[in-house]
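Good morning, everyone, and thank you for making the time. Please take a moment to look over the sequence and the model before I go through a few places in it.

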Amino acid sequence: MDVLVIGAGPAGIGAAIRLRELGFDAHVIEKASSLGGTWRDNVYPGCACDIPSALYSYSFAPRRWSAAFSGQPEILAYLRETAASFGIEPQYDTEMLDAVWDGSRWQVTTTSGVISARVLVSATGPWHEPKIPLDASVFQGEVFHSARWRDFSGSRVAVVGTGASAVQFVPEIQPRVDQLFLFQRTAPWVLPKPSLKLPRSVVFGFLELFSFGFRHPAVMKVVQRLGLLHLRRAIRDRALRSVLTPDFVLGCKRLLMSDTYYPALAQPNVSVVPHAVQGFTADGIIGADGVEHKVDTIIFGTGFHFSDPPIASRVRAGGASLASVWRGSPQAYLGTSVHGFPNLFLLLGPNLGTGHSSAFTIIETQLRYIASALTALRDRDWPVADVRPSVQAAFNSSVQVALQRTVYNTGGCTSYYLDANGRNSTMWPWSTIRMMRRIRSFNPADYDLTQRRPGTIPASTTALLNGPASST
């Protein structure tokens, strides 16, 4: 086939729609039995978008959302409806096991057989593989990650992690348990959640103005006063308020918004443990202070393998995998192309996170670029495109230099933005508008391009041989 897309989440669905519109044979495989990606997998109570709904849709398929920040069921329904309306039918229960570049095509081994594709598009997404940093196998009760949610029967619950998922599900489960221990390694900034629904263009403009602070940490120190006021209003107990007060600059970690998180933590059946987890026993969990807490259920809200995606070890070219080339620090040109891996395009790739805007905006920006690239390859009979190493290196160097001035790198925290080597391989250091302008159209000069194979006839020549089109 022409183009093989791995994954049927928002990125994969968007890729199939856009490329098919341009006449490419884009086929989607999905290892699960239904589409939706992270919105299929995350069904925990309170799961919702933390980006205003007005931006959380494809520009070519707008939706009138029911809330300013829509919940998981509505988002999943939107993805299903959009795929159906554009005739996108992924091949389900088909997991990619291995993808090898043979010099002219990608030979992809799946659980349903081998697929040969000229172009490979990775749309597996960064919010895909749950990350559990601790081995809790000794614990005899229920244990699960929030992205693999299941109904639990225990009345004493420990929650490990205070990120975006925990902020949403903790207020939902707090009323139904007898005791809840929240293990907090670092207190997050939590801002009030606005309920006003605004037009897409207005929301985009406001968030772009707000993003100025990410590039100028001094501005964020002013904005974080809103977070402190939100905390003070919700938490009257000074000792608890001290435990919940962040010690880093707002924006250094992912922004969180909730009107229910702080009130839930103030309830008498909740204990905030201001320590990392040290270990586990058969019937409990031990904090870094050595104190054991007896619980029935442990829920990990510890995020995902963001900078070490599992698919990287399965994509190989020239005898090397993406994982072995990256060595813990993912890099790509424009977050999309990787030198040494021809005809491979990554969606939501390295250094494209914005911290304030919608994943749909990033996806569509990349899709315009990929569509431009594939159109150029088709029209000029270039079967293979491999980004030049110097181009990729120069781009990534400029990204890292710019990141040094942002709150992501200077805010005084340790976040998932930083990879195993301490390098920020996640965030985009400029505005979303600059991203849209920079990742706009394919420039052949940035790539090593293989001309048509010997013995083939270019499409332009074929058209001349066939004569002019009929006027009737």
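Which residue takes a positive phi just after H1? That residue is Gly-23, with a phi of about 90°, and I should say at once that what we are looking at is a predicted model.

Let me stay with helix H1, which runs over residues 10-21. At 1.5 Å a residue, its twelve residues should span 16 Å, and because the C-alpha atoms at its ends are 17 Å apart, the expected span and the model agree. The helix is mostly covered, with nine of its twelve residues buried, and among them are Pro-10, Ala-11, Gly-12 and Leu-19. What lies over these buried residues includes two strands, E1 (3-6) and E2 (26-29), as well as the helices H2, H3 (72-85) and H11.

Helix H1 also brings us to the second largest pocket, where about 500 Å³ of space is found. This pocket is lined by 33 residues, and the closest to its centre are Gly-7, Ala-123, Thr-124, Gly-125 and His-128. Two or more lining residues come from each of the helices H1, H2 (38-41) and H11 (359-379), and of the elements, H2 gives the most, with four residues. If we sort the lining by class, we find 17 nonpolar, nine polar and seven charged residues.

I would like to turn next to strand E16, residues 297-300, and to ask whether its faces are covered or exposed. Both are covered, since Thr-297 and Ile-299 on one side, and Ile-298 and Phe-300 on the other, are all buried. As for its neighbours, E16 pairs in the parallel sense with strand E7 (residues 142-145) over four bridges, and strand E8 (residues 156-160) likewise pairs with E16 in the parallel sense over four bridges. Phe-300 takes part in both pairings, as the bridge partner of His-145 and also of Val-160.

Finally, where is Gly-340 placed? It sits in the loop between helix H10 (322-326) and strand E19 (344-346). Gly-340 has a relative accessible area of 28%, and because that value falls between the cut-offs of 20% and 50%, we call this residue partly exposed. Leaving aside residues up to four places away in sequence, Gly-340 touches Ala-317 and Asp-386, whereas Val-202, 138 residues apart from Gly-340 along the chain, has its C-alpha atom 41 Å from that of Gly-340.

Methods
Residues numbered from 1 in each chain as written. Predicted model: local features only at pLDDT ≥ 70, side-chain atom pairs only at ≥ 80, totals over all residues. Heavy atoms only, no water. 1 Å grid on protein atoms, 1.4 Å probe; cavity = no way out; pocket = protein on both sides within 12 Å on 5 of 7 lines; lining within 4 Å. Points joined across faces, edges and corners; volume = space filled by probe spheres on them. Nonpolar A, V, L, I, M, F, W, Y, C, P; charged D, E, K, R; others polar. Expected span 1.5 Å × (residues − 1). Buried < 20%, exposed > 50% of the residue type's maximum accessible area, 1.4 Å probe, protein only. Contact = heavy atoms within 4.5 Å. Pairing = 2+ DSSP bridges.
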